[in-house]
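Biologist: Please take one part of this model and show it to me closely. I am a first-year student, and short sentences help.

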Amino acid sequence: MGRVYLKIKNNWKFAEVWIDPMLSPPYILLLLCDGEENCQIYDPKQGDKVVFSSNSYETAQLWLLEDEYKRVEGRLLVGELVNF
């Protein structure tokens with residue numbers, strides 16, 4: 001898993017923020033995917049620990065939806081950051 005972690009951490013294509021709206025403040029998880037749809041879900045509250053890995057966006061999304069997380073509207077693309 002370490003290789004996939006480094007690959008996504010350094011070569012991510014997009015990121016999404018997912019929240020558990022039942023908690024106050026909401027619990028936040030970060031989904032990063034690369035160009036080959038390898039995805040990992042990070043927990044910022046646990047020092048960016050990888051809590052789930054998948055080789056498809058759909059599988060990662062289903063994992064989040066099963067735990068009743070909701071996606072924050074929008075997606076951050078790596079190309080958008082290059083222009084900052």
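Modeller: What follows starts with the whole chain, then goes to a surface patch and the strands and loops around it.

This is a predicted model, where local features need pLDDT of at least 70 and side-chain atom pairs count only at pLDDT 80 or more, while totals for chains, interfaces and linings use all residues. Residues are numbered from 1 along each chain as its sequence is written, and side-chain values use heavy atoms, with hydrogens and water left out.

The protein chain has three helices and six strands. Both kinds of element are DSSP runs, numbered from the N terminus: helices are H or I with at least four residues, strands are E with at least two. Read from the N terminus, the order is α-β-β-β-β-α-β-β-α. The chain has 84 residues, and 31% of them count as buried. Buried means under 20% relative accessible area, exposed means over 50%, and partly exposed lies in between (1.4 Å probe, protein chains only).

Now the patch. V17, I28 and V72 make a nonpolar surface patch of about 200 Å². Its members must have over 30% relative accessible area and no salt bridge; nonpolar side chains (Val, Leu, Ile, Met, Phe, Trp, Tyr) are joined within 5 Å, like charges within 9 Å. The areas come from the Shrake-Rupley method with a 1.4 Å probe, and for residues only the protein chains shown count as cover.

Take I28. I28 sits in strand 2, residues 27-34. I28 is partly exposed, because its relative accessible area is 42%. V72 comes from elsewhere: the loop between strand 5 and strand 6 (76-77). V72 counts as partly exposed because its relative accessible area is 35%. V72 also lies 5.6 Å from W18, C-alpha to C-alpha, although 54 residues separate V72 and W18 in sequence.

Next, strand 1. This strand covers residues 12-20, and D20 belongs to it. D20 is buried and has no salt bridge; K70, the nearest side chain of opposite charge, is 8.5 Å away. A salt bridge needs a side-chain nitrogen of Lys or Arg within 4 Å of a carboxyl oxygen of Asp or Glu. For charge, Lys and Arg count as positive, Asp and Glu as negative; His and the chain ends are not counted. What does the side chain of D20 reach? The side chain of D20 reaches the backbone nitrogen of M22, at 3.0 Å.

Follow the chain onward. P25 lies in the loop between strand 1 and strand 2. The peptide bond joining S24 and P25 is cis, with omega about 0 degrees. Most peptide bonds are trans.

Then comes a link. One disulfide is counted, a pair of cysteine sulfur atoms within 2.5 Å. C33 is joined to C39, S to S 2.0 Å. The link of C33 and C39 is right-handed, with 110 degrees about the S-S bond. Why is C33 buried? C33 is buried because its relative accessible area is 0%. C39 is buried because its relative accessibility is 0%.

Two loops remain. Most residues other than glycine have a negative phi. D48 has a positive phi, near 60 degrees. D48 is in the loop between strand 3 (39-43) and strand 4 (49-54). D48 is partly exposed, because its relative accessible area is 36%. E68 also has a positive phi, near 65 degrees. The loop of E68 runs between helix 2 (57-66) and strand 5 (70-71). E68 is exposed, because its relative accessible area is 52%.

Technical notes:
A polar contact is a pair of N or O atoms within 3.5 Å; within protein, one must be able to donate a hydrogen and the other to accept it, and residues adjacent in sequence count only if both atoms are side-chain atoms.
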